[in-house]
Amino acid sequence: MSVIKTMSFVFITIAIWSCSSKIIQPKVAFVSKNQLEIRVDSVLKLMTLEEKIGQLNQYNGFWEITGPTPKEGQAAKKYADLKNGLVGSMLNVKGVKDVRALQKIAVEETRLGIPLIFGFDVIHGYKTISPIPLAEAASWDLKEIKKSAAIAAEEAASVGLNWTFAPMVDVSRDARWGRVMEGAGEDPYLGSQIAIARVQGFQGDDLKARNTILACAKHFAGYAFAESGRDYNTVDIGESTLQNIVFPPFKAAADAGVRTFMNSFNELNGIPATGNAYLQRKILKSDWNFDGFVVSDWGSINEMIPHGFAKDSKQAAEIAINAGSDMDMESSAYVAHLAALVKEGKVQESTIDDAARRILKVKFELGLFDNPYLYCDENYEKETVGKAAFQEGVLEMAKKSIVLLKNEKELLPLKKSGQKIVVIGALANDKTSPLGSWRIAADDNSAVSLLEGLQKYKGNQLTYAKGADVTVGRTQFIWETKINTTDKSGFSEAIAAAKTADVVIMSLGEHGLQSGEGRSRTDIGLPGVQQELLEEVYKVNPNIVLVLNNGRPLAIPWADEKIPAIVEAWHLGTQSGNAIAQVLYGDYNPSGKLPMTFPRNVGQVPIYYNYKNTGRPVMTEPDSVFWSHYIDEKNTPLYPFGYGLSYTQFEYSDLSLSQNTFSGDGQIEVSVTVKNTGKYTGKEVVQLYIRDLIASVTRPVKELKGFEMIELQPGASQRVNFTINKKTIEFFTAQSKWEAEPGDFKVFVGGNSVQTLENDFQYLK
């Protein structure tokens, strides 16, 4: 047995754990924030400098935990650190058996018995996989997104985990960047609402509950603005963009109570984020009063060396801790150098105390000091992983994530009988790709394929032809694929089958591992020979339903011009095939809206709806070339932000304002009538945008400021209301503060960011 001693001026709590699975629970009655701080400080007072630094150290799983103890090399060093209380957190260790074994070392074999936090990339599910986050954002359904995160949290917690490195809340404007799949798209308002939903879903109402885990807002900050859309690249943006576009989802996550932040790989205005005191000390911990802790991204402390910002690991540790990076993920810089830096006076021990205090506080909030084996119940693990309710939940999320981009001649929904349907595309019969990127605990071949989903509908004759592979196998990296650019041997079979079909369903796009971290692309069309396959099939049968599977916006101008029906089906997770089939057959009417703009051509990227006017936004003279445009392509996107069709149609009318001016704490009520003019019951996301016409800092042509999802029967109409107040029109002004400036505004309401009704109002300060 071991004893954890937690002392203060007024109490001593002794918690005793046996070496068996039975836990003797201490009676704890600490509820107030002040009492929590007392408990944290009482532990801190017992710790040596080295033990405090140990709490700041996070190691990846480094040996087969149930195997022999490592005797030499780096693994042996890490094992010694673990036994000596010099590790505060582990990552990529999963499963109750392994988690319990490591926790047992921490709480029963170290001097103070301080428990570990176990982190894992639970990005869109643990074993049961939801749609990729970008797809979930396309649902615009905050309750469903929150539920999806809660499912992921419950399943992850059941295997011993208590911390996820999600949500990623980077605002993403560049489809070349592979990590757009991991976020909520291009808009700071929508991104903020989704950040709140995901934080609440992961963390729930009680961090000590067995079905909740810590959330982590990442990557702080500016990561998605990497030049050329290339991962880990330089970021150089102005203060207005940083404050008005990048920061809002992070601020929303902080206000929602997220307990951890992760800094980012990129530099921002010449300073790596890991060593950026402005971001971590001033903005996050001072201005926003964030009292959780900041973890570095993988090895990012030592990566300040190749950045040219630190000469060696020791200087990198000094810079990072002084800048406010509390926990070192896998650089080993803190545990190696901080004690010496304190003795040399380059780092104050109070700085170490602050970081350790933040981490200890979160451990108390998780209930780990009361019960370090809280997440270690093997029976609960068996009962929870993959349970039926999770499958139902991710199926619902997947259906709501699908976006109908085009549907000429009402080719969709498919008739349920009497047709010959040919399905073409390797992705249609793939049970791994639909899981998408960042699904590291999921089993390959565990997704429902599109073909399997369609086969559940028995009324039509269904034929499958691969046509062409998307990839030609894995490289040495488990998460990397090579694109098939030459093999067309399956074309003839696919073309022959298509000739006989009433409808051809073509499942094309990116493999699930062609987007994500480290997977930037310069060509965002259909990879490999798929575009040629599509064109060849079209020649013999134009009745094509194109089902896109992708982790980023794609440039598909030819398909938009030629193909009558296009469905954006992303990478939808475990229940992917069932969700797509139910939408194609009309058992679910698609309601998704794009969270990112789709370009006509990669040359338009980055392209986004909330752009700013130039001094020459339009042609002012016939045939003039001296205005902001391309000579070989339109300025407009292929599909705009907020766009998405339904099997029914919605008509907007009678946009009215309760008044045309307001001031101070007043407000304006905006209302619009939406009518279902089609023949199907359907859902519509009604979107509110504003434009600040004249301001101290130039403002975007439109900014999303509200949305509401409604459901209407055929012929039914509904009055939808929004409120505009001072908060709605605030921004980070030329006075370097958030405020509402008096002036003239436009308000827009519609079903996407382009097709809107508009009106005018004024704010009188």
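What follows is a walk through the overall build of the protein and a handful of its residues.

This is a predicted model, in which local features need pLDDT of at least 70 and side-chain atom pairs count only at pLDDT 80 or more, while totals for chains, interfaces and linings use all residues. Residues are numbered from 1 along each chain as its sequence is written, and side-chain values use heavy atoms, with hydrogens and water left out.

Starting with the whole chain, the protein has 20 helices and 30 strands; both are DSSP runs numbered from the N terminus, with helices (H or I) of at least four residues and strands (E) of at least two. For 765 residues, a compact globule would come out with a radius of gyration near 27 Å, and the protein agrees because its value is 27 Å. That radius is taken over C-alpha atoms, and the globule rule is 2.2 Å times the number of residues to the power 0.38. Along the principal axes, the C-alpha atoms fill a box of roughly 75 × 65 × 50 Å.

Of the 765 residues, 61% count as buried, a label for a relative accessible area under 20%, with exposed meaning over 50% and partly exposed in between (1.4 Å probe, protein chains only). The exposed area is about 28,600 Å², and carbon and sulfur atoms supply 49% of it; areas come from the Shrake-Rupley method with a 1.4 Å probe, and for residues only the protein chains shown count as cover. As for contacts (heavy atoms within 4.5 Å), 78% of those between residues at least 6 apart in sequence join residues at least 24 apart. On the charge side, the mean positions of the 82 positive and 90 negative charges sit 3 Å apart. Here Lys and Arg count as positive and Asp and Glu as negative, with His and the chain ends not counted, and each charge is placed at NZ of Lys, CZ of Arg, CG of Asp or CD of Glu.

Zooming in, histidine 124 lies in the loop between strand E5 (117-120) and helix H5 (133-139). Histidine 124 counts as buried because its relative accessibility is 2%. Leaving out residues up to four places away in sequence, histidine 124 touches several residues, among them Arg198, Leu435, Ser437, Trp438 and Arg439. Two of these partners also show up as polar contacts (a pair of N or O atoms within 3.5 Å; within protein, one must be able to donate a hydrogen and the other to accept it, and residues adjacent in sequence count only if both atoms are side-chain atoms). The side chain of histidine 124 reaches the backbone oxygen of serine 437 at 2.7 Å and the backbone oxygen of tryptophan 438 at 3.3 Å.

Glutamine 103, in helix H4 (residues 96-108), is buried too, with a relative accessible area of 1%. The side chain of glutamine 103 reaches the backbone oxygen of proline 372 at 3.2 Å. Beyond neighbours within four places in sequence, glutamine 103 is in contact with Pro115, Leu116, Phe118, Leu368, Pro372 and Tyr373.

H4 turns up again in the packing of helix H3 (residues 73-83), whose buried residues are Ala75, Ala76, Lys78, Tyr79, Asp81 and Leu82. These buried residues pack against strand E3 (57-60), H4 and helix H11 (333-343). An α-helix has 3.6 residues a turn, so residues three or four places apart point the same way. After H3 comes glycine 85, with a positive phi near 75 degrees.

The backbone has a few other spots worth listing. The peptide bond from alanine 166 to proline 167 is cis, with omega near 10 degrees, and proline 167 sits in the loop between strand E6 (163-164) and helix H7 (188-203). Another cis peptide bond joins lysine 218 and histidine 219, with omega about 0 degrees; histidine 219 belongs to strand E7 (residues 216-220).

Positive phi values also occur outside glycine. Asparagine 269 has a phi near 55 degrees and is found in the loop between strand E9 (267-268) and strand E10 (271-272). At 42% relative accessibility, asparagine 269 counts as partly exposed. Tryptophan 570 has a phi near 50 degrees and lies in the loop between strand E20 (565-568) and helix H19 (576-584), but at 1% relative accessibility tryptophan 570 counts as buried.
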